[in-house]
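Subject: Structure handover

Dear colleague,

Please find below the structure for your files. My notes on what was found in it follow underneath.

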Amino acid sequence: MHTAGRIEEVRNQLTELAQTVPSSQELMPAMVKVLHERMLEYNWVGFYLLEPGAQPPMLVLGAFEGAMTPHPRIPLNQGICGAAASSSLTVVVDDVNQDPRYLACSLETKSEIVVPVFVRGKVVGELDIDSHFAAAFTSEHQELVQHCARLVGKKFETDGQ
Ligand code: SME
């Protein structure tokens, strides 16, 4: 199927999923599974969450699909992951081998996107996706991944209600 159609379909599927699961803790593993299965160029998909109260702040690996990463804990001054969480901005890297911040997870990874997850305006974690294809995360993909991060942020906000 044409990429735009597939993105739209997956976007709708995930919006519906967020409405049906009871909490953020159930949404995150289900979401990474859908993204990994349906978006064939998303070769590693996972959440990192800020460890509550940790000083200095630390990103800790949460739900993920793909090979186990050698980086289950990432301080905010390291990696593309640290850059996204500390700046509160989406970071897209078209060629990870040209980015000195990059922490390698798999030798096959060529491009990466990291989108912060906000709860009441504050970063609580992020959604990280690696691709074996260079420059995989075009603006349409960025929009999808940002939509996913927003769904999770909103779910965190309604947890326990
Ligand atoms: N590449 C990330 C590390 C996490 S792994 O890709 C799963 C980074 O540079 O922060």
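Helices and strands in these notes are DSSP runs, with at least four residues (H or I) for a helix and at least two (E) for a strand, and they are numbered from the N terminus. In those terms, Ser88 sits in the loop between α3 and β4 (91-93). The model is a predicted one.

Backbone

Ser88 has a phi near 60 degrees, which is positive although the residue is not glycine. Most residues other than glycine have a negative phi, and most peptide bonds are trans. The peptide bond between Gln55 and Pro56 is cis, with omega at about 0 degrees. Pro56 belongs to the loop that runs between β1 and β2 (58-65).

Ligand

Around the ligand there are 13 residues, and those that come nearest are Ile80, Cys81, Leu103, Glu112 and Asp130. Which atoms of Ile80, Leu103 and Asp130 lie close to N or O atoms of the ligand? For Ile80, a polar backbone atom is 2.9 Å from an oxygen atom of the ligand. For Leu103, a backbone N or O atom is 2.8 Å from a ligand nitrogen atom. For Asp130, the N or O atom belongs to the side chain, and the distance to an oxygen atom of the ligand is 3.0 Å. On its own the ligand has 300 Å² of accessible area, and the protein covers 100% of that.

Three elements each give two or more residues to the shell around the ligand: β1 (44-50), α3 (79-87) and β6 (122-131). The largest share comes from α3, with 3 residues. By class, the shell has 8 nonpolar, 2 polar and 3 charged residues.

Cavity

Rolling a probe the size of a water molecule over the atoms shows where empty space is left. How many cavities of 30 Å³ or more does a search of the whole structure find? The search finds 1. The largest cavity has a volume of about 110 Å³, and its space is the one taken by the ligand. The lining of this cavity consists of 14 residues, and Cys81, Leu103, Cys105, Glu112 and Asp128 are the ones nearest its centre. The elements with two or more residues in that lining are β1, α3 and β6. Here α3 gives the most, with 3 residues. The lining divides into 8 nonpolar, 3 polar and 3 charged residues. Cys81, Leu103 and Glu112 thus appear in two lists: they are among the residues that come nearest the ligand, and they are among those nearest the centre of the largest cavity.

Pocket

The largest pocket holds about 160 Å³ of space. Which residues line the largest pocket? They are Leu49, Leu50, Glu51, Pro52, Gly53, Pro57, Leu76, Val124 and Phe156. By class, 7 of them are nonpolar, 1 is polar and 1 is charged.

Regards

Note on methods:
Residues numbered from 1 in each chain as written. Predicted model: local features only at pLDDT ≥ 70, side-chain atom pairs only at ≥ 80, totals over all residues. Heavy atoms only, no water. Near = heavy atom within 4 Å. Polar contact = N/O pair within 3.5 Å; in protein donor to acceptor, adjacent residues only side chain to side chain. Areas by Shrake-Rupley, 256 points an atom, 1.4 Å probe, with all protein chains shown as cover. 1 Å grid on protein atoms, 1.4 Å probe; cavity = no way out; pocket = protein on both sides within 12 Å on 5 of 7 lines; lining within 4 Å. Sits in = over half its atoms within 2 Å of the grid points. Nonpolar A, V, L, I, M, F, W, Y, C, P; charged D, E, K, R; others polar. Points joined across faces, edges and corners; volume = space filled by probe spheres on them.
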